[in-house]
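Hi everyone, thanks for making time for this. I'd like to walk you through one model today, so please have a look at the screen before I start talking.

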Amino acid sequence: YAAQNRAVNKNDYIVALQQNSLGISFDAVNVWGGEENDTPVYGQVFVSLKPAGSYKLTDTQKTRIINEVIKPISVLTVNPTVVDPDYTYLKLNVNVFFDPTLTNQSSAQIQSGVMSAIEQFGVNTLNTFNSTFNAYDFVLIGR
């Protein structure tokens, strides 16, 4: 079906959404069939998108994605639905201990470096769907 430009499974939809010609890029894409819902909804495909640089799509963007990206490649009996993602935020209280005799950096430089490492950890590790925060992995970023 992929050779016929038809979407049949999740990966077909994911590839089509990531390679869309609308000029919208995504940090994360998640697709699931209605049969996977807690209450099954047969005949539907659900799409949740985390746009790059934003938290959710506008109604116009959702409509365009459905009409111009998903529907042209979907099987006729499949009804697409775009769902806004739910976010979980972490508030961290971080204590940093260092030996000033082992570094030539000021405390402000160390603070800046730690904050940058935490932000980068979030972007690289947590900025996707189905990601898991593991405190052990977090502790290792400073080593």
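Let's begin with Ser 48. Is Ser 48 buried or exposed? Its relative accessible area is 5%, and the cut-off for buried is under 20%, so Ser 48 counts as buried. Do keep in mind that this is a predicted model.

Where does Ser 48 sit? You'll find Ser 48 in strand β2. And what does Ser 48 touch once we leave out residues up to four places away in sequence? The list has Ala 28, Val 29, Asn 30 and Trp 32, then Val 83, Asp 84 and Pro 85, and also Phe 129. On the backbone side, the C-alpha atoms of Ser 48 and Val 82 are 5.8 Å apart, although 34 residues separate the two along the chain.

Staying with strand β2, let's move to Lys 50. Lys 50 makes a salt bridge with Asp 27, and the closest N and O atoms are 3.0 Å apart. This pair connects distant parts of the chain, with Lys 50 in strand β2 and Asp 27 in strand β1, 23 residues apart. Now for the accessibility of the two partners. Lys 50 has a relative accessibility of 8%, so it counts as buried. Asp 27 comes out at 34%, which makes it partly exposed.

How many salt bridges does a search of the whole structure find? The answer is four, and I'd like to show you two more of them.

One is between the side chains of Lys 10 and Glu 36, with an N to O distance of 3.1 Å. Here too, distant parts of the chain are linked: Lys 10 belongs to helix α1, residues 10-18, while Glu 36 is in the loop between β1 (26-33) and β2 (44-51), and the two are 26 residues apart. Lys 10 is partly exposed, at 37% relative accessibility. Glu 36, at 42%, is partly exposed as well.

The other pairs Arg 64 with Glu 68, where the closest N and O atoms are 3.0 Å apart. Both residues are in helix α2, residues 59-70, and they are four residues apart, or about one turn of the helix. Arg 64 has 37% relative accessibility and counts as partly exposed. Glu 68 is partly exposed too, with a relative accessible area of 45%.

While we're on charges, here is the overall tally. The protein carries 9 positive and 12 negative side chains, and the centres of the two sets lie 5 Å apart.

Now let's zoom out to the fold. There are four helices and three strands, and along the sequence they run α-β-β-α-β-α-α. The radius of gyration is 21 Å, well over the 15 Å that the globule rule gives for 143 residues, so the protein is more spread out than a compact globule. If you prefer box dimensions, the C-alpha atoms fill roughly 70 × 35 × 30 Å along the principal axes.

A few totals to finish. Buried residues account for 26% of the 143 residues. The accessible surface is about 10200 Å², and carbon and sulfur atoms supply 50% of that. Lastly, take the contacts between residues at least 6 apart in sequence: 57% of these join residues at least 24 apart.

That's my tour, and I'm happy to go back to any part of it.

Notes. Residues are numbered from 1 along each chain as its sequence is written. This is a predicted model: local features need pLDDT of at least 70, side-chain atom pairs count only at pLDDT 80 or more; totals for chains, interfaces and linings use all residues. Side-chain values use heavy atoms; hydrogens and water are left out. The radius of gyration is taken over C-alpha atoms; the globule rule is 2.2 Å times the number of residues to the power 0.38. Buried means under 20% relative accessible area, exposed over 50%, partly exposed in between (1.4 Å probe, protein chains only). Contact means heavy atoms within 4.5 Å. Accessible areas come from the Shrake-Rupley method with a 1.4 Å probe; for residues, only the protein chains shown count as cover. Lys and Arg count as positive and Asp and Glu as negative; His and the chain ends are not counted. The place of a charge is taken as NZ of Lys, CZ of Arg, CG of Asp or CD of Glu.
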